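Let's take a friendly walk through this structure together. Keep the sequence at hand and follow along in the 3D view.

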Amino acid sequence: MIREERLASLSPDTPVDLLVVGGGATGLGVALDAVLRGFSVVLAESHDFAGGTSSRSTKLLHGGVRYLAQGNLSLVREALAERATVLSVAPHLAQPLPFVMPSYRWWQTPFYGLGLKLYDLLAGKAGLGRTEFLSRAEALQALPGVQERGLRGGVQYWDGQFDDARLALALARTAEAAGGRLFNYLEVTGLQADGELTRADLKDRLTGTGYGVRARCVVNATGVWVDALRSAAGTPSRMVSPSQGVHVVVDRDFLPGRHALLVPRTRDGRVLFAVPWLGKLILGTTDTPRTDLPREPDAFAEELEFILSEAGQALSRPVRRRDIRSLWVGLRPLVAPPTSADGETRTLSREHTIVIDGRLVTVTGGKWTTYRAMAEDVMTRCFEAGLLPARPAGQTRAHPLVGAPGDKASPMPLHAAPGMHLFGAEAPDVAACGASTVLGMGLTEAMVRHAFRHEHARTVEDVLARRWRSLFLDATEAARMAPAVAAVLADEAVRAGQSARPAADLDDFLALCRRYLPVA
């Protein structure tokens, strides 16, 4: 059904089992888990799927080397098992990636190497490769472009990387294919108790039309914004202390190999990554507290300087502001009191927390790698609280996501430039959508039409930020591509009998592109 027909199917006269509020990693994971157990599910996301934190990760599926150093072995073990699950259900969007931790002091290779051997041990059969000690020559071969001065060797280990926004979209479409009704640009404007149910007032932000739905259980999975929905439902206590992580994208010639680089301890104790991704190199990330919750957070000047300075020490040549192709920021929903003992969020818990207030179940914290386990935990708590009848779990562990190739063929690695391989088994469907005219950065007209028809894309930002990652890779190039994308979307809207606002949409996106570049 087209979007309008699916929205018209919403009615307070026909209650649903579960209303999920929030279309990021956590909410989409809950929706898929519930649908596969046979529950009726509606998901409402006020913006685009993964439009917030879930599209702004460091693109890593990992057990958490930093948590290993903290001694949190149970969290690491769970994350490593979940990493293997994601790699299995979405091999076109999540793949193994070798990392090298360079050593500049005699003790670093054995010290970090033994810790990473424990990482392998905790992964067990879910391991992706064996940790190896590297000589200086081997480290230089794996990391062309690394700082050579003082280099003694290194340690190679394995983790995973993925395309976060496209994985979120795959979760949404998989849940939809299984019978769920999932909507982007559908905002929850009110929640009211209605006997044994909860009534939610909904507003389509694209048309202004109002809808209503009644649910046996409501899951608040709005990430850093969970406190706002809890407050609207009459529970004003604070659950989240947000922090922000800044990422800088530069050309691959700074580190042209296929290995990622990890600096385990920068001058202030943080971790620095240099990750090859979709033809570019991601540098990051920071961990800075903030009290406000903007939809599009900006990097603080000191955060940008920190990344450029640390990258300049880790690489053989300095990274300048003029080298930056894109600069983006994600907010993390850390579960903790408003301030920690040292006032810094890097010490706060990354584990998720679930709180039940009547029929409202709030889940926050956690990370992308463990989205599936978080969803199982949410469902278990719903059963324990008597909000839903208990049903067996386990389907999400082996249920392939939309686009997963059935032949288990090895897809093109995610460090390569974006291309048709990101669609996996759906590549023929994309090709059938129209002209193969390239609009830039591997994006074709057919891909834009496919995004509108099958991937819930409605704006230029939807296409160039999340269906195709141009904004996150090269903001200047994304701005150049935007008029052509806007024209294709306008044509698709007319074909579908919908109104289009290409001029305003284009202007909004061009303004956004300017925010993804550093101020000179």
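Strands here are DSSP runs of E with at least two residues, and they are numbered from the N terminus. With that in mind, please find strand E11, which covers residues 240–251 and holds His247. The model you are looking at is a predicted one.

Is His247 buried or exposed? The cut-off for buried is under 20% relative accessible area. His247 has a relative accessibility of 2%, so it counts as buried. Turn the view around this residue and you can pick out its neighbours. Leaving aside residues up to four places away in sequence, His247 touches Arg56, Ser57 and Thr58, then Ile282, Leu283 and Thr285, and also Ser326, Leu327 and Trp328. With Thr58 there is a polar contact between the two side chains, at 2.9 Å.

For a contrasting case, move to Asp268. This residue sits in the loop that links strand E12 (260–263) to strand E13 (272–277). Its relative accessibility is 24%, and therefore Asp268 counts as partly exposed. If you would like a sense of distance, look from Asp268 to Pro392: they lie 124 residues apart along the chain, and 46 Å separates their C-alpha atoms.

Next comes a pair of helices. Helix H2 (residues 25–36) packs with helix H10 (residues 371–384) at an angle of about 60 degrees, and their axes are 8 Å apart. Angles from 65 to 115 degrees would count as roughly perpendicular, and those under 35 as roughly parallel; H2 and H10 are therefore oblique to each other. Their crossing is right-handed. Which residues of H2 and H10 make the contact? From H2 come Ala25, Thr26, Gly29, Val30, Asp33 and Ala34, while H10 supplies Tyr371, Met374, Ala375, Glu376, Val378 and Met379. Sorted by character, the residues of this contact are eight nonpolar, two polar and two charged.

Our last stop is helix H12 (residues 445–454), which is mostly covered, with eight of its 10 residues buried. The buried residues are Glu445, Ala446, Met447, Val448, Arg449, His450, Ala451 and Phe452. What do the buried residues of H12 pack against? Their partners include four helices you can find in the view, H7 (164–177), H11 (427–431), H13 (460–467) and H15 (475–495), together with strands E19 (438–440) and E20 (443–444). After H12 comes His456, and the phi of this residue is positive, near 65 degrees.

How values were computed: Residues numbered from 1 in each chain as written. Predicted model: local features only at pLDDT ≥ 70, side-chain atom pairs only at ≥ 80, totals over all residues. Heavy atoms only, no water. Buried < 20%, exposed > 50% of the residue type's maximum accessible area, 1.4 Å probe, protein only. Contact = heavy atoms within 4.5 Å. Axes fitted to C-alpha atoms, helices over the stretch in contact; angles between N-to-C directions. Parallel < 35°, antiparallel > 145°, perpendicular 65-115°, else oblique. Left-handed = near helix turned anticlockwise from the far one by under 90°. Nonpolar A, V, L, I, M, F, W, Y, C, P; charged D, E, K, R; others polar. Polar contact = N/O pair within 3.5 Å; in protein donor to acceptor, adjacent residues only side chain to side chain.
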